[in-house]
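Visitor: Please take one part of this model and look at it closely, then follow its connections outwards as far as they help. I would like one continuous account, with the terms given their cut-offs.

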Amino acid sequence: MVLLMNDQPSLDTAASAAPVTARTDFGFREVPVAEKKKLVRGVFDSVAGKYDIMNDLMSVGIHRLWKDTLIAQLRPRAGEHLLDVAGGTGDIAFRFLNAAEKRGSQEGAPAHVTVCDINHAMLTVGRDRAIDRGILRGVEWVCGDAEQLPVPSGSVDCYTIAFGLRNVTDIDQALREARRVLRPGGRFMCLEFSRVALPILEKPYDFYSFEVLPRLGQWVAGDAESYRYLAESIRRFPPQDELVERMLASRLERARYRNLTGGVAAIHTGWRL
Amino acid sequence: MAETTRSIDPKLLEMLVCPLTKAQLRYDAAAQELISEEANLAYPIRDGIPIMLVDEARPLDRPAPAAT
């Protein structure tokens, strides 16, 4: 992994070439807006193969329960079209298809998912997993940017983004794009790490994020920096109420959230009405 | 090369638009590209996965990279 957190030469060059460039966060660093996308893709190129194992370690397996909760709340039905953004490895897509099938299909088309991720490596991991699980229909894989979706307006029944929104450079633009692609009556759901609401969890959570997690990343994926970025990016992400406000500003109506595991994660929902 | 000739699902094609103009795309099966005439861009299909990123698209007036 060549993601340097200090004195990164390429960043210096970019900054001096364009001194007035707008800056954004990349973990706790500030980087030019144009750089963040590249840096985030670097992180996920680096971790793609071990992303799911690392997620298990990162959340002590709890991310699986959170994703189950997301799908239970979504209640997928036959015939529905889900756009799952940043869902490269297929975790949400497979759960969605399973749940839709279990709820039984009436007449008509089965449910289907378009998985859209900015990272090609993550998508190939997901597609290989689909093949391993014998899932050959009902899911398509597309490389695309949450801020500039390659999807027609008003074309999907639901939009999900799980552990993806905090990696997007312009969150508000991603929210506007989400609304654009939803049909009227369609639902937006975001599962993301959030602000711990239980004070007793705060210290152990900090210790885990900044001390334990990068070491785990080093040990399992040979890559401490990427996991340090993940921990930092979580703290930079807007807290629950602020995200609700920004959803409303993007005209995702009836925006609300529910905390999971004391606010370590949260599910935000909103509707295009 | 088997990987580059993997065909893409026609249904997927219907569900995609140019991320820049949101206009429909034309599939060039031989070149394995999705063409956006309005944007003057060709989006590559790699390993069966369309790469719908503007900064990875080829301007139509620039020749395609030689096949390897």
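Guide: What follows starts from a single strand and works outwards to its neighbours, the domains and the second chain.

The model is predicted, so local features are described only at a pLDDT of at least 70 and side-chain atom pairs count only at pLDDT 80 or more, while totals for chains, interfaces and linings use all residues. Residues are numbered from 1 along each chain as its sequence is written, and chains are lettered from A and ligands numbered from 1 in the order in which they are written.

The strand is β3 (81–85) of chain A, where strands (E, at least two residues) and helices (H or I, at least four residues) are DSSP runs numbered from the N terminus. Four of the five residues of β3(A) are buried, so the strand is largely enclosed by the rest of the structure; a residue is buried if 20 or more other C-beta atoms lie within 10 Å of its own, exposed if 12 or fewer, and partly exposed in between, with C-beta atoms placed from the backbone. Two strands are said to pair if DSSP finds at least two bridges between them. By that criterion β3(A) pairs in the parallel sense with strand β4 (residues 112–117) of chain A over five bridges, and Leu83(A) has Thr114(A) as its bridge partner there. The pairing of β3(A) with β6(A) is also parallel, over four bridges, and in it Asp84(A) stands opposite Thr160(A).

Beyond the strand, Ala86(A) is found in the loop between β3 and α5 (91–102) of chain A. This residue has a positive phi of about 65 degrees although it is not a glycine. Most residues other than glycine have a negative phi. Ala86(A) counts as buried because it has 26 C-beta neighbours inside 10 Å.

The strand also belongs to the surroundings of a helix, α7 (residues 171–181) of chain A, whose buried residues are Ile171(A), Ala174(A), Leu175(A), Glu177(A), Ala178(A), Arg179(A) and Val181(A). An α-helix has 3.6 residues a turn, so residues three or four places apart point the same way. The cover over the buried residues of α7(A) includes β3, β6 (156–162), β7 (182–193) and α10 (240–249) of chain A.

In the wider setting, the largest nonpolar core has 86 residues, of which Phe96(A), Tyr159(A) and Leu191(A) touch the most other members; such a core is a set of buried Ala, Val, Leu, Ile, Met, Phe, Trp, Tyr and Cys residues joined through C-beta atoms within 7 Å. This core draws at least three residues from each of domain 1 (54–194 + 237–271) and domain 2 (199–233) of chain A, the bounds coming from an automatic or database domain assignment. Leaving aside residues up to four places away in sequence, Leu191(A) touches Trp66(A), Lys67(A), Leu70(A), Ala162(A), Phe163(A), Ala265(A) and Ile267(A); two residues are in contact if their C-beta atoms, placed from the backbone, lie within 7 Å. The C-alpha centres of the two domains lie 24 Å apart, and eight residues of domain 1 of chain A are in contact with eight residues of domain 2 of chain A.

Turning to the second chain, the contact takes 17 residues from chain A and 17 residues from chain B. On the side of chain A, α6 (120–132) and β5 (139–144) each supply at least two residues, and β5(A) gives the most, with five. Those residues of chain A divide into eight nonpolar, seven polar and two charged, where Ala, Val, Leu, Ile, Met, Phe, Trp, Tyr, Cys and Pro count as nonpolar, Asp, Glu, Lys and Arg as charged, and the others, Gly among them, as polar. Two bridges join β5(A) to strand β4 (residues 49–52) of chain B, the two running parallel, and Cys143(A) has Ile51(B) as its bridge partner.

Chain B itself has two helices and five strands, in the order α-α-β-β-β-β-β from the N terminus on. Asp47(B) lies in the loop between β3 (41–46) and β4 of chain B and has a positive phi of about 55 degrees although it is not a glycine; with 16 C-beta neighbours inside 10 Å, Asp47(B) counts as partly exposed. For the complex, the predictor gives an ipTM of 0.87 and a pTM of 0.84.
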